[in-house]
Amino acid sequence: MPLTEPHDDHLPREESVDAAGDAGAGAAPEETGQAAERALAEPEPVLPEPVRQRIVALTAAVLPGLPADEVPVPLRRVAKFAPNRRARLGAPVIAAQLTADPLFRQRITARVLADTGDLGTAVLEGTAPAAADPVEVAALAYLARPRGWRELIEASGAAVRAEADSAVVAELVREAEQRAGRAEHDRAVARVEAEKLRDELARVREELGQLREESRQLTRSLRETQARERKAAELLATERGRAARAAADADAELRRVRARLAEAESAAGVARASAKEARSVDDARLWLLLETIGQAAVGLRRELALDPVEKLPADFVADAFAEQPGGTAAGAATRARDTDDPARLDQLLALPRAHLVVDGYNVTKRGFGEMSLEQQRKRLITGLGGIAAQTGDEVTVVFDGAERMHGLPPAPRGVRVLFSRKGETADELIRRLVRAEPPGRPVVVVSSDREVADGVRRHGAYPLGADSLLRRLSRS
């Protein structure tokens, strides 16, 4: 293919001079002018792809050696490329410039021929050495354009096509040899399979003889079995008669059993009435026992002079932490959930004297982590205030912190807000609160941290996931 589409109308005057020099070196002026006109009129030859690539590679190799003022403006940026990128990325621009700028092509040709030695001299003379690479000869002929250069390019194209045809023929021969080898292999395999099939046929014939003998034996067995079946049918008819008589006897017995069952149900009704009266007596005894225990507890409280307490166990833990500074928030990872059912949370909060302990940031980061930490704390504390007001239960919310937070709004009534002291985490403070409670008091811990859930469960608390509280707050 040509390097670019020719544009004869826009070629500079040097194209005419160059074409005339190539076509008629040493000819008369009239012949030189005619050769120049023919060169301008003739289109660019169709170059084989290897020849085109070689021309671009030769030009890209010598391009950086040209003075800056001799390099056309479109190629100045290409000349700065790395050697391995110059021919690959600048090929279109180089090809267009070689076609459109004869002076540039002459400068490139001079440097290329200086590097090719005897081969370049032979090409300038219009001959191609027999041992020379036809692609190299065609590339030099295109650049130098001596007498008969188009014939050299056509001969190169024929040589390239011949090599391609030879490669195709060689590939076809190789494939034919491979197919012949596979066919020979298939014939050998077929022979082996035929031998196997003959052996298999002999074995099948032998098995067929055995099966025929077995069939004769089975036929005799079938006749004997049919004779025994007739005898069994006669015995079955006899047994059916006996079974009919036994069924009649069973029906009579069933009627007698049903009569006895009716008598037993009547006796059971009397027994249930007696049991109900006995249960009423037991209920009265149980009520009297509970009343006695309650009065005994009142008497014991009076005897021990136990006044109503103003502090709860969690208040003592809170006092111990009040002497230490709290800190800024750091969210706890929600790694596991014990249960997220808000109905379960409502059931536990309905227990008498329940204590709700909340892992603060674990809940806020899961429910409304897009807010600032201050807004998270405020929203959670406000929601817990509503739960405390509805249930009357004790509520404690724990946050991580290295120093006490300043500017917190006052906590709602019934809600205790604690910050872990420096060197300890909110998880440790939660476990401390749980351990401070007396055995038997219902303590509910809300956290999706599995370590917290496992730790408080060992101390008798009820762990719940953060989602259960978030759903409970969404209903409020």
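Start by selecting Arg 353, which you will find in the loop between α12 and β1; helices (H or I, at least four residues) and strands (E, at least two) are DSSP runs numbered from the N terminus. This is a predicted model, where local features need pLDDT of at least 70 and side-chain atom pairs count only at pLDDT 80 or more, while totals for chains, interfaces and linings use all residues. Residues are numbered from 1 along each chain as its sequence is written, and side-chain values use heavy atoms, with hydrogens and water left out.

**Two arginines with positive phi**

Look at the backbone of Arg 353: phi is positive, about 55°, although the residue is not a glycine. Most residues other than glycine have a negative phi. Is Arg 353 buried or exposed? Arg 353 is exposed, with a relative accessible area of 57%; the cut-offs are under 20% for buried and over 50% for exposed, with partly exposed in between (1.4 Å probe, protein chains only).

Now jump to Arg 145, in the loop between α9 and α10. Arg 145 also has a positive phi of about 55° without being a glycine. Arg 145 is buried, at a relative accessible area of 5%.

**Helix α6**

Next, select helix α6, residues 91-100. Its buried residues are Ala 91, Ile 94, Ala 95, Gln 97, Leu 98 and Thr 99. Show the surroundings as well: the cover over these buried residues includes α3 (49-62), α4 (73-76), α5 (83-89), α7 (102-116) and α9 (134-144).

Zoom in on Thr 99, which is buried at 6% relative accessible area. A polar atom of the Thr 99 side chain lies 3.1 Å from the backbone oxygen of Ala 95.

**Along helix α10**

Helix α10 spans residues 149-304, and two salt bridges are worth a stop there. A salt bridge is a side-chain nitrogen of Lys or Arg within 4 Å of a carboxyl oxygen of Asp or Glu.

- Select Arg 203 and Glu 200: they form a salt bridge, with the closest N and O atoms 1.9 Å apart. The two residues sit three residues apart in α10, about one turn of the helix. Arg 203 is partly exposed at 36% relative accessible area, and Glu 200 is partly exposed at 35%.
- Select Arg 216 and Glu 213: here the closest N and O atoms of the salt bridge are 2.3 Å apart. Again both residues lie in α10, three residues apart, about one turn of the helix. Arg 216 is partly exposed at 45% relative accessibility, and Glu 213 is partly exposed at 34%.

**Another bridge, and a network**

How many salt bridges does the structure hold? The count is 20. For another of them, select Glu 424 and Arg 432, whose closest N and O atoms are 3.4 Å apart. Glu 424 is partly exposed at 21% relative accessibility, and Arg 432 is partly exposed at 31%. Then show Glu 394, Arg 416, Glu 437 and Arg 441, which are joined into one network by salt bridges that share partners.

Stay with Glu 437, in the loop between α15 (426-436) and β4. Glu 437 is buried, with a relative accessible area of 7%. Leaving out residues up to four places away in sequence, Glu 437 touches Pro 313, Ala 314, His 355 and Val 443; contact means heavy atoms within 4.5 Å.

**Where α14 meets α17**

Select helix α14 (residues 373-391) and helix α17 (residues 466-475), which pack at an angle of about 75° with their axes 10 Å apart. The axes are lines fitted to C-alpha atoms over the stretch in contact, and angles run from 0 to 180 degrees between N-to-C directions. That makes α14 roughly perpendicular to α17, a label for angles of 65 to 115 degrees. From α14, the contact uses Leu 380, Gly 383, Leu 384, Ile 387 and Gln 390, and from α17, Leu 469, Arg 472 and Leu 473.

Which residues of α17 are buried? They are Ala 466, Asp 467, Ser 468, Leu 469, Leu 470, Arg 472 and Leu 473, so α17 is mostly covered, with seven of its ten residues buried. Display α12 (342-349), β1 (355-359), α13 (360-368), α14, β4 (443-446) and β5 (462-464) to see what these buried residues pack against.

**Zooming out**

Finally, show the whole protein chain, with its 17 helices and five strands. Of its 476 residues, 32% are buried.

Definitions and conventions. A polar contact is a pair of N or O atoms within 3.5 Å; within protein, one must be able to donate a hydrogen and the other to accept it, and residues adjacent in sequence count only if both atoms are side-chain atoms. Angles under 35 degrees count as roughly parallel, over 145 as roughly antiparallel, 65 to 115 as roughly perpendicular and the rest as oblique.
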